[in-house]
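Reader: I am new to this protein and would like to learn how to read its features one at a time. Could you take me through them with the structure in view?

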Amino acid sequence: MRLFLAINPGEETQRKLDSIKEEIIIKSGKETASAIKWEPANKLHLTLFFLGEIKNEIYNGLIKSLSGIKLPEEIIFRSSGINAFPNLRNPRVIIAGFKNEDGAAEHLYSEVVKVMGEYNISAERGFKPHITLGRVKRPIRLSNEMINEINNLHPEYGFTSKSFELIQSKLTPQGSVYKVLKIFL
């Protein structure tokens, strides 16, 4: 099973990000926008940890270990703007960045890393809270001016979470299909 852990931003934030995505599509032009595989609103999530392929025999133990994580009472995420990885001049992924100022998100991530260490699963990268809006299929450039304009139009939004989810990702020719397997409260 191909699995990842994510924080669901809720429908309101998904709709907000979907409208920002539409603004990017309109402002960037047809050619640039068509070079990006945009995520639908219902698939927008903040990835906490990508586990990759997990064998069925460790699945139940993993669920039990993850259930033992003491979650913060709430994790408050605030927008840090639209951006791209690795950068706007050579984007591979268009993202909505987020920050958590009290460290609750980083604490949850470090607890997840400890659990994953028990199963010899290591993180691909460090934790940079973001929601992927789209993946770039061919080389493009995004205008700093356009991204700044969009960020200025949407300076404050965010969401609060009290849980995280274990999600299965099945790859199909039409793209990935997500299924929530467990919600950890």
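Author: Let us start with helix α5, where Glu145, Asn152 and Leu153 are exposed on one side; exposed means over 50% relative accessible area, buried under 20%, and partly exposed in between, with a 1.4 Å probe and protein chains only. Helices (H or I, at least four residues) and strands (E, at least two) are DSSP runs, numbered from the N terminus. This is a predicted model, in which local features need pLDDT of at least 70 and side-chain atom pairs count only at pLDDT 80 or more, while totals for chains, interfaces and linings use all residues. Residues are numbered from 1 along each chain as its sequence is written, and side-chain values use heavy atoms, with hydrogens and water left out.

Reader: Which residues of α5 are buried, and what do they pack against?

Author: The buried residues of α5, which covers residues 144-153, are Met146, Ile147, Ile150 and Asn151. Looking down the axis of α5, one finds these buried residues within an arc of 135 degrees, so they line one face of the helix; the arc is that of the directions from the helix axis to the C-beta atoms. They pack against α1 (11-28) and β4, where contact means heavy atoms within 4.5 Å.

Reader: How many Å should helix α3 span at 1.5 Å a residue?

Author: The expected span of a helix is 1.5 Å times one less than its number of residues. For the twelve residues of α3 (residues 56-67) this gives 16 Å, and the end C-alpha atoms are 17 Å apart, which agrees. The buried residues of α3 are Tyr59, Leu62, Ile63, Ser65 and Leu66. Seen down the axis of α3, they fall within an arc of 165 degrees, so they too line one face of the helix. The face turned away from that buried side carries the exposed residues Glu57, Asn60 and Lys64. Among the elements that cover the buried residues of α3 are β1 (2-7), β3 (46-53) and α4 (104-118).

Reader: Why does Ser65 count as buried, and which residues does Ser65 touch?

Author: Ser65 counts as buried because its relative accessibility is 19%. Leaving aside residues up to four places away in sequence, Ser65 touches Val115, Glu118 and Tyr119. A second case is Leu3, which has its place in strand β1 and counts as buried at 0% relative accessibility. With the same exclusion of residues up to four places away, Leu3 touches residues including Phe50, Tyr59, Leu166 and Leu181. The C-alpha atoms of Leu3 and Glu145, by contrast, are separated by 37 Å, and these two residues are 142 residues apart along the chain.

Reader: How should I read a strand, and which residues of β7 are on its covered face?

Author: In a regular strand the side chains alternate between the two faces of the sheet. In strand β7 (residues 158-161), the covered face has Phe159 and Ser161, and the uncovered one has Gly158 and Thr160.

Reader: Which strand is joined to β7 by four bridges?

Author: Two strands pair if DSSP finds at least two bridges between them. Strand β4 (residues 75-85) is joined to β7 by four bridges, and the two run antiparallel. Ile76 stands opposite Thr160 in β7, while Phe77 has Phe159 as its bridge partner there. β4 also pairs with strand β5 (residues 93-99), in the antiparallel sense, over seven bridges, and one of the partners in β5 is Lys99, which is bridged to Arg78.

Reader: How many aromatic pairs does the structure hold?

Author: A pair of aromatic rings is described by the distance of the centres and the angle of the planes. Rings of Phe, Tyr and Trp (its six-membered ring) pair if their centres lie within 6.5 Å, and planes under 30 degrees apart count as stacked, over 60 as edge-to-face and the rest as tilted. The structure holds seven aromatic pairs. One of them, Phe98 with Phe159, is edge-to-face, at 5.3 Å centre to centre and 70 degrees between the planes. Phe98 lies in strand β5 and Phe159 in strand β7, so the pair ties together parts that are 61 residues apart in sequence. Phe98 counts as buried at 3% relative accessibility, and Phe159 is buried with a relative accessible area of 5%. Phe77, Phe98, Tyr157 and Phe159 form one aromatic cluster.
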